[in-house]
Amino acid sequence: MFFSFPYKIGDFIKIHEGQDSIYGYIEDIRTFQIIIRGLDNKITTFPNSMMLQKGVSILKEENIVSLKRKLEKEAAEESKTIENPASI
């Protein structure tokens, strides 16, 4: 697995899961799972077997910056909706 694993610690990746895609930096690569730290600093453990089944992209720095902006904008919009539920 480690010989053909195209990712390394420090890579910023996206695991394609439809609406629930996972974004984050690879913190550690273990025998059976990888440890991912998301943009919100939360840790996610993801099985290596799933990494082979899912689409995974390594994102470049400029993509990370635009992704952070997009997520911040979505969070702000979600916050407005929660503060003013009558606008739904």
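In what order do the five strands of the open sheet lie?

1. The model discussed here is predicted, and its open sheet of five strands has the order 4-3-2-1-5, with antiparallel pairing. The edge strands are strand 4 and strand 5, the latter covering 56-58, and each of these pairs on one side only. Direction ignored, neighbouring strands of this sheet are turned by 40 degrees against each other on average. As general background, strands of a sheet pair through backbone hydrogen bonds, either parallel or antiparallel.

2. A reader who follows the sheet from the edge formed by strand 4 may begin with the pairing of strand 3 (residues 33-37) and strand 4 (residues 43-47), which run antiparallel and are joined by five bridges. Within this pairing, Ile35 has Thr45 of strand 4 as its bridge partner, while Ile34 stands opposite Phe46 in strand 4. The two strands form a hairpin with five residues between them, and in the turn Asn41 has a positive phi of about 70 degrees.

3. On its other side, strand 3 is joined to strand 2 by four bridges, and these two strands also run antiparallel. Here the bridge partner of Ile29 is Ile34 in strand 3, the residue that also stands opposite Phe46 in strand 4. Strand 2 and strand 3 form a hairpin as well, with three residues between them.

4. Continuing across the sheet, strand 1 (residues 12-15) is joined to strand 2 by four bridges, and the two run antiparallel. In this pairing, Ile13 stands opposite Gly24 in strand 2.

5. Is Ile26, which lies in strand 2 (residues 22-29), buried or exposed? Ile26 counts as buried because its relative accessibility is 2%, against a cut-off of under 20% for that class. Leaving aside neighbours within four places in sequence, Ile26 is in contact with Tyr7, Lys8, Ile9, Gly10, Asp11, Ile13, Ile34 and Ile35. The C-alpha atoms of Ile26 and Ile43, which are 17 residues apart along the chain, are separated by 9.8 Å.

6. Phe12 has its place in strand 1, and with a relative accessibility of 2% this residue therefore counts as buried. Not counting residues up to four places away in sequence, Phe12 touches Tyr23, Gly24, Tyr25, Leu39, Ser57, Ile58, Leu59, Ile64 and Leu67. One of these contacts, Tyr25, is 13 residues from Phe12 along the chain, and the C-alpha atoms of the two are separated by 4.3 Å.

7. Which residues make up the largest nonpolar core? That core has eleven residues in all, namely Tyr7, Ile13, Ile15, Ile22, Ile26, Ile29, Ile34, Ile36, Phe46, Met51 and Val56. Strand 1, strand 2 and strand 3 are the elements that give two or more residues to this core, and strand 2 gives the most, with three residues. Several core members have already been met above, among them Ile13, Ile26, Ile29, Ile34 and Phe46: Ile26 is in contact with Ile13 and Ile34, among others, Ile29 is the bridge partner of Ile34, and Ile34 stands opposite Phe46.

How values were computed. Residues numbered from 1 in each chain as written. Predicted model: local features only at pLDDT ≥ 70, side-chain atom pairs only at ≥ 80, totals over all residues. Heavy atoms only, no water. Pairing = 2+ DSSP bridges. Buried < 20%, exposed > 50% of the residue type's maximum accessible area, 1.4 Å probe, protein only. Contact = heavy atoms within 4.5 Å. Axes fitted to C-alpha atoms, helices over the stretch in contact; angles between N-to-C directions. Core = buried A, V, L, I, M, F, W, Y, C linked by side-chain atoms within 4.5 Å.
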